[in-house]
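Colleague: I should like to go through this model step by step, with the reasoning behind each answer. May we begin once it is on display?

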Amino acid sequence: MLSSDALADGEIRVGTLLTHATLPILEARALLAHQLQVAREHLIARPEQRVAPADASSFELLVARRQRGEPLAYLLGEKEFYGRTFGVSPAVLIPRPETELLIETALSLDVRAEAHVLDLGTGSGCVAITLGLERPAWHVTATDVSPEAIGVARTNAATLHASSVSFRLGSWLAAAPAQQFDLIVSNPPYVAESDVHLQALRFEPQTALAADDGGLACLRDIIEASPPHLVAGGLLVLEHGHNQAAAVRGLLGSVSWRDVRTLRDQAGIERVTLARTGPV
């Protein structure tokens, strides 16, 4: 950290700030570029550029917040997902690479060209918006119980011009319009409330992370409530925890579901389970 005198003398340079920031250089550069509203490449090319004391002070506050564990995505207000940049805030989970398997699975399914798709617990809207942009003919509806999350998702949809995506406020399928869907997708809360990893995720909304019954409560609710909301032969695709695949397949073991299977993510972890409505 620089002294208050150094911050006030007006002679601070980009290279000096980055050298004194006790963060990995990529993170420090990202935060300084965000503060100065310039491209990161600009900082690489011009390490001698002077930085106004007010910007230097604000940058050091960002560095301090990052050192306390606040996620970089929240400090930057954005996160990349499936090749697009999504706005994020502490009201929504930060999109994660493993959720791209949920997208790839949905896009690979054999559904009609103008399918009606429902995303449950949309958060930032990254799943619903990505599906809507990758398949412009699909009619995508997204729900979330959090008004703040719906606000973030709607802003992302407007920014990314996802005109085929609409949003509904409410809990799971209770918020869905009175219609049936060809496909329902969800990345619901699935972390057990006793999981020690929740401490590392303390800055993210806990209600979007953790669930009762060892993390299975929300998955069970969606599985039990989905069949009436799907067309005959409609599909349900769920992301779940690394050790929950067998339990989720068990929940899908009733006569309401068939063709149950689980897919592994790039790390080889059973991450997404899908099933089709209808008796075996």
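Colleague: Which residue stands opposite Val 272 in E11?

Modeller: This is a predicted model, in which local features need pLDDT of at least 70 and side-chain atom pairs count only at pLDDT 80 or more, while totals for chains, interfaces and linings use all residues. Residues are numbered from 1 along each chain as its sequence is written, and side-chain values use heavy atoms, leaving out hydrogens and water. The names come from DSSP runs numbered from the N terminus, helices being H or I with at least four residues and strands E with at least two. E11 covers residues 270-277, and opposite its Val 272 stands Glu 239.

Colleague: In which sense do E6 and E9 pair, parallel or antiparallel?

Modeller: Two strands pair if DSSP finds at least two bridges between them. On its other pairing, E9 is joined by 5 bridges to E11, and these two run antiparallel. With E6 (residues 181-186), where Ser 186 has Leu 238 of E9 as its bridge partner, the 5 bridges are parallel.

Colleague: How many of the 10 residues of E9 are buried?

Modeller: Buried means under 20% relative accessible area, exposed means over 50%, and partly exposed lies in between (1.4 Å probe, protein chains only). Strand E9, residues 230-239, is mostly covered. By this criterion, the number of its residues that are buried is 7.

Colleague: Why does the end-to-end distance of helix H3 agree with its length?

Modeller: The expected span of a helix is 1.5 Å times one less than its number of residues. H3 has 12 residues (25-36), so its expected span is 16 Å. The distance between its end C-alpha atoms agrees, because that distance is also 16 Å.

Colleague: Which helices are included in what covers the buried residues of H3?

Modeller: The buried residues of H3 include Leu 31, Leu 32 and Leu 36. The cover includes H2 (14-20), H4 (40-45), H5 (53-67) and H6 (72-76).

Colleague: Which three residues do ring pairs link into a cluster?

Modeller: Rings of Phe, Tyr and Trp (its six-membered ring) pair if their centres lie within 6.5 Å; planes under 30 degrees apart count as stacked, over 60 as edge-to-face and the rest as tilted. The rings of Phe 81 and Tyr 82 have centres 6.5 Å apart and planes at 40°, so this pair is tilted. Phe 81 and Phe 86, with centres 6.2 Å apart and planes at 75°, are therefore edge-to-face. The cluster thus joins Phe 81, Tyr 82 and Phe 86.

Colleague: Is Ser 124 buried or exposed?

Modeller: Ser 124 lies in the loop between E3 (116-120) and H8 (126-134). Beyond its neighbours within four places in sequence, it is in contact (heavy atoms within 4.5 Å) with residues including Phe 86, Val 92 and Ile 129. Its relative accessibility is 3%, so Ser 124 counts as buried.

Colleague: What is the relative accessibility of Phe 86?

Modeller: Phe 86 is among the contacts of Ser 124. Phe 86 counts as buried because its relative accessibility is 0%.
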